[in-house]
Amino acid sequence: MSAAGSARRARWFVTSDAAPDAPYQVFLFPHAGGTAPMYQAWAATLPSTMHVHTLQLPGRQERLGEEPFKDVAPLLDALQEAFEAELDGRPYLLFGHSFGGLLAYRLAVAAESSGLPVPALLAVSGWAPALESAKELEGVAEMSDDGLLARVRQLGLMPDDAALDPATLATIMPALRSDFLVAGGYQDDGAPAPCPVAAYCGTADPIVSPGDMAGWSALSQDFLGVTEFPGGHFYFFEHAAAVQHGLQRHLRRLAAHM
């Protein structure tokens, strides 16, 4: 692998030192505006059978100097290249929450169309194709910063009374707005997932309902069902251990049939 390739992997994916010889790779994809450290604890709490790689998109933290993507096609092209450089022949699974679910799904579809090994499992949380509620994202370009933050608060990402200083806002808003623009520009094509799919959601999620998540059954020949948890859109912050247990359970089941 060239030095340029190694640098690309280091920028796009933060790789855990834990379990580097694990039989599975697991790729984690954060929500809109999210960063790799939101999954930092997962590297320590996922089973030793999983080697963790977490996406870090441009425009945040150590990639703050890079322009975030505002259009879905160029982002997916660049992400696919970086993702392919991470694959090392081990079976792998993808887990994405919300915006991260969109990215994980499209990588699974792209893997099949590129002739690459497809995931052993695609796990999607808080996002499903063709969501009616996603139409509101089309207006993000015209939203003020205050309006966008108000919507984020409604989703439960930050407390209603949380105040952000101007310096923090200037740091987080470009990536947050860009991710929402990418999601708003996504056009669903009904592409089938080329692998088993497990879905997760919060019962009080204002964006996606358990019924929406059940729609994945039309896109996978091996749909493993919807697991519901108490909570809203960001339920999984509170129920991370249970989600991880579910991933492990599905992998054991799938491995038994390989």
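Helix 3 tucks quite a few of its residues away: Val72, Leu75, Leu76, Leu79, Gln80, Ala82, Phe83, Ala85 and Glu86 are buried. Keep in mind that you're looking at a predicted model. Some of those helix residues turn up again below, as contacts of phenylalanine 13.

**Helix 3**
- This helix runs over residues 72-86, so to speak a stretch of 15 residues, and its first and last C-alpha atoms lie 21 Å apart.
- That span is close to the 21 Å you'd expect at 1.5 Å a residue.

**Phenylalanine 13**
- You'll find phenylalanine 13 in strand 1, which covers residues 13-15.
- Is phenylalanine 13 buried or exposed? Its relative accessibility is 2%, so it counts as buried, the cut-off for buried being under 20%.
- Skipping neighbours within four places in sequence, phenylalanine 13 is in contact with Phe27, Phe29, His53, Thr54, Leu55, Leu79, Ala82, Phe83 and Glu86.
- Among these partners, Leu79, Ala82, Phe83 and Glu86 are buried residues of helix 3.
- Take phenylalanine 29, another partner on that list: it sits 16 residues from phenylalanine 13 in sequence, and their C-alpha atoms are 9.6 Å apart in space.

**The whole chain**
- The protein chain has eight helices and seven strands.
- Of its 258 residues, 50% are buried.
- Look at contacts between residues at least 6 apart in sequence: 81% of them join residues at least 24 apart.
- The chain's accessible surface comes to about 11300 Å², and carbon and sulfur atoms account for 55% of it.

Notes:
Residues numbered from 1 in each chain as written. Predicted model: local features only at pLDDT ≥ 70, side-chain atom pairs only at ≥ 80, totals over all residues. Heavy atoms only, no water. Helix = DSSP H or I, 4+ residues; strand = E, 2+ residues; numbered from the N terminus. Buried < 20%, exposed > 50% of the residue type's maximum accessible area, 1.4 Å probe, protein only. Contact = heavy atoms within 4.5 Å. Areas by Shrake-Rupley, 256 points an atom, 1.4 Å probe, with all protein chains shown as cover. Expected span 1.5 Å × (residues − 1).
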